[in-house]
Amino acid sequence: MKKTVFLFPGQGSQSVGMGKDIYDEFGHVRELFEMAEDITRNHIGRLCFEGPMADLTQTVNLQPAVLTVSLALLSVVEKEGIAPDIAAGHSLGEYGALHCCGIVSAQDAIRLVDMRGRLMHRESTQHEGAMHAVIGLDMEDLAPIVEEVRKNGVVSIANHNTKQQIVTTGSPGPVQEVSRITADKGARAVPLKVSGAWHSELIRGAEDDFGKFLAEIPFEKPVRPAIHNYTADLSPSAPDEIRGILKNQLCNPVKWYDSVCKLVDMGVENYVEIGPGKVLTGLVKKIVPKDAGASFYSVNNLKSLEAFFKEIS
């Protein structure tokens, strides 16, 4: 098989009804949902299948919900004997990649994102935040604007998603000011429906507590490489180094554009999104060169699973 990466989505990929068809079809998927509900003491299945969307989108609910659906889809793919050469995930999706690469168990991946979501929610209730997607400027053009506005308040880069799709994060006023300046330069800024300023200084209070929780979780050497958001590079072999990277990921930019460029440089040809939605597939198609001969798959429900198995076999 061609060199393959499994990609795991993060916030923004959720939808009411996600995972329901595979939950109904596979007993081991139902067991995974039961495990997630035991760990989180939350109605993960009900949130995924029935919503409402307002409840599902709360970060404390969303993080374990999206990951559980991703892990469920991955488990079906793995039972078919299909494995990638490498894995990556966007923000909370990185924890799906960690499990895919044998670094943490499914149980511990859910434990980690559950705690991560709770700590991020705690900080968001103490610090009002905003995030905007800025479309139409390169990082070289946007970064100096952000640095200038930072003199007056908290604002930074949260996600570098594609060459010209970059998310800003921070206090509402400075984030809006960056968007106003970029609009004058011909860019478009889209406010995101989020409950906090993720990947910013405003949630720095979660970092130490999350670091302590990470220290309690068993980590193993990767069985295949993962690419990390914080470094846009391959996992180190030492578990403590991986823990440090995950701690740093909380308040630093998600280097998705650089991560996908790394995958291109490594000769990856099959890009397979495992999880709800098609957000990452859309981003990756904008980054991978048109002449690379790459194939793209969004594995997000029973129908797409069957189509993927048919095409890969």
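**Exercise 1.** In this predicted model, decide whether Y271 is buried or exposed.

*Solution.* Take the relative accessibility of Y271: 2%. The cut-off for buried is under 20%. Y271 therefore counts as buried.

**Exercise 2.** Classify the ring pair of Y271 and F296.

*Solution.* A ring pair is described by the distance of the centres and the angle of the planes. The centres of Y271 and F296 are 5.6 Å apart. Their planes meet at 25°. Planes under 30 degrees apart count as stacked, so the Y271 and F296 pair is stacked. Now place the residues: Y271 is in strand 8 and F296 in strand 9, 25 residues apart in the chain. F296 is partly exposed, at 27% relative accessible area.

**Exercise 3.** Classify the ring pair of Y297 and F308, then locate both residues.

*Solution.* The centres lie 5.3 Å apart, with 70° between the planes of Y297 and F308. Over 60 degrees counts as edge-to-face, so this is the class of the Y297 and F308 pair. Y297 belongs to strand 9 and F308 to helix 14, eleven residues apart. Both count as buried: Y297 at 11% relative accessibility, F308 at 3%.

**Exercise 4.** Find where strand 8, strand 9 and helix 14 sit relative to one another.

*Solution.* Start with the sheet. Its five strands follow the order 7-2-1-8-9, with parallel pairing. Strand 9 (295–299) is an edge strand and pairs on one side only. Five bridges join strand 9 to strand 8 (residues 270–274). One bridge partner pair is E273 and S298. Finally, add helix 14 (residues 302–312): it lies across strand 8 and strand 9, at about 145° to strand 9.

Notes: Residues are numbered from 1 along each chain as its sequence is written. This is a predicted model: local features need pLDDT of at least 70, side-chain atom pairs count only at pLDDT 80 or more; totals for chains, interfaces and linings use all residues. Side-chain values use heavy atoms; hydrogens and water are left out. Two strands pair if DSSP finds at least two bridges between them. Helices (H or I, at least four residues) and strands (E, at least two) are DSSP runs, numbered from the N terminus. Contact means heavy atoms within 4.5 Å. Axes are lines fitted to C-alpha atoms, for helices over the stretch in contact, and angles run from 0 to 180 degrees between N-to-C directions. Rings of Phe, Tyr and Trp (its six-membered ring) pair if their centres lie within 6.5 Å; planes under 30 degrees apart count as stacked, over 60 as edge-to-face and the rest as tilted. Buried means under 20% relative accessible area, exposed over 50%, partly exposed in between (1.4 Å probe, protein chains only).
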